[in-house]
Amino acid sequence: MKPYTVKNFLNKQDFKKLENLIITESSFPLFFQPYVSDVKKERKTDCYFTHLVYHNNKINSSYFENFKVILDKLNIKKLIRIKVNYYYPTNKINIHYPHTDYDYSHKGCILSLNTCDGFTIIENNTLKGLRIKSIKNSALMFDPSIPHSSTTCTNCKGRFNININYL
């Protein structure tokens, strides 16, 4: 599956509801993760915050219903995971080590909740792969079994996205 992006992935009203829930309202829970890519050589500063909505065939969050609007847009045979990511801002963009989400071919969607100078790199064993900018309400569609990296941002309060893995 060749990576591609879908601009204006959700209609304005549906997107605004998710944006308000996760970014605008300060009560959405995000949990510290000490590793981004689970690579042993990660920098000590490579960490982020997540909210695991769905995983291992079960709903893990009382917020699950809010994400159905995204699921309705995807042709899902089997949902694997839904996760909200928050990468805190840094003075310079940190590129996290390449990783795969799962070791088998599947579909992935990364929906950017805000526009920032952060990005995702795909096929990046050299960290020079295809770079996809974080643009509000744009969805990156790709196979997350291909090595890819996330980044921090420098120009706003953080990089927010929703990561969905499915078949």
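Why does C109 form no bond with the closest cysteine sulfur, in C116? In this predicted model, the sulfur of C109 lies 16 Å from that of C116, which is too far for a bond, and a search of the whole structure finds zero disulfides. The points below take up the cysteines, then the nonpolar cores, then a small sheet of three strands, and finally the salt bridges, which come to five by the rule applied here.

**Cysteines**

- C109 is a buried residue, with a relative accessible area of 1%, and the closest cysteine sulfur to its own, that of C116, is 16 Å away.
- C116 is likewise in no disulfide, although the nearest cysteine sulfur, belonging to C153, is 4.4 Å away; because a disulfide requires two cysteine sulfur atoms within 2.5 Å, that separation does not qualify.
- C116 is also buried, and its relative accessible area is 8%.

**Nonpolar cores**

- In soluble globular proteins, nonpolar side chains tend to be buried together.
- The largest nonpolar core here has 27 residues, and the members that touch the most other members are I22, F67, I70, I82, I162 and I164.
- Two or more residues of this core come from each of the helices α1 (12-24) and α2 (68-71), and from each of the strands β3 (48-55), β5, β6, β9 (139-142) and β11 (159-166).
- A second core, separate from the largest one, consists of five residues, including I110, I122, I132 and F142.
- Leaving aside residues up to four places away in sequence, I164 touches I70, L71, L74, L79, R81, I82, K107, G108 and C109, so that this list contains the buried cysteine C109 as well as R81, a residue that also takes part in a salt bridge.

**An open sheet of three strands**

- Strands β8, β7 and β10 form an open sheet in the order β8-β7-β10, with antiparallel pairing.
- The edges of this sheet are β8 (130-133) and β10 (148-149), each of which pairs on one side only.
- Strand β7, which covers residues 119-122, pairs with β8 in the antiparallel sense over four bridges, and within this arrangement F119 has K133 in β8 as its bridge partner.

**Salt bridges**

- E19 and K136 meet through their side chains in a salt bridge, with 2.8 Å from N to O; E19 lies in helix α1 and K136 in the loop between β8 and β9, so the pair ties together parts that are 117 residues apart in sequence.
- Of these two partners, E19 is buried at a relative accessible area of 9%, whereas K136 counts as partly exposed at 38% relative accessibility.
- E65 and K68 form another salt bridge, at 3.3 Å from N to O; E65 is exposed, with a relative accessible area of 53%, while K68, at 35% relative accessibility, counts as partly exposed.
- R81 forms a salt bridge with D101, their closest N and O atoms being 3.4 Å apart, and this pair links distant parts of the chain, since R81 is in strand β5 and D101 in the loop between β5 and β6, 20 residues apart.
- Both partners are buried: R81 has 12% relative accessibility, and D101 has a relative accessible area of 15%.
- Salt bridges that share partners join K16, E19 and K136 into one network.

**The loop between β5 and β6**

- D103 is found in the loop between β5 (79-87) and β6 (107-112), and this residue is exposed, with a relative accessible area of 75%.
- D103 and L71 are 32 residues apart in sequence, and their C-alpha atoms are 22 Å apart in space.

Note on methods:
Residues are numbered from 1 along each chain as its sequence is written. This is a predicted model: local features need pLDDT of at least 70, side-chain atom pairs count only at pLDDT 80 or more; totals for chains, interfaces and linings use all residues. Side-chain values use heavy atoms; hydrogens and water are left out. Two strands pair if DSSP finds at least two bridges between them. Buried means under 20% relative accessible area, exposed over 50%, partly exposed in between (1.4 Å probe, protein chains only). A nonpolar core is a set of buried Ala, Val, Leu, Ile, Met, Phe, Trp, Tyr and Cys residues joined through side-chain atoms within 4.5 Å. Contact means heavy atoms within 4.5 Å. A salt bridge is a side-chain nitrogen of Lys or Arg within 4 Å of a carboxyl oxygen of Asp or Glu.
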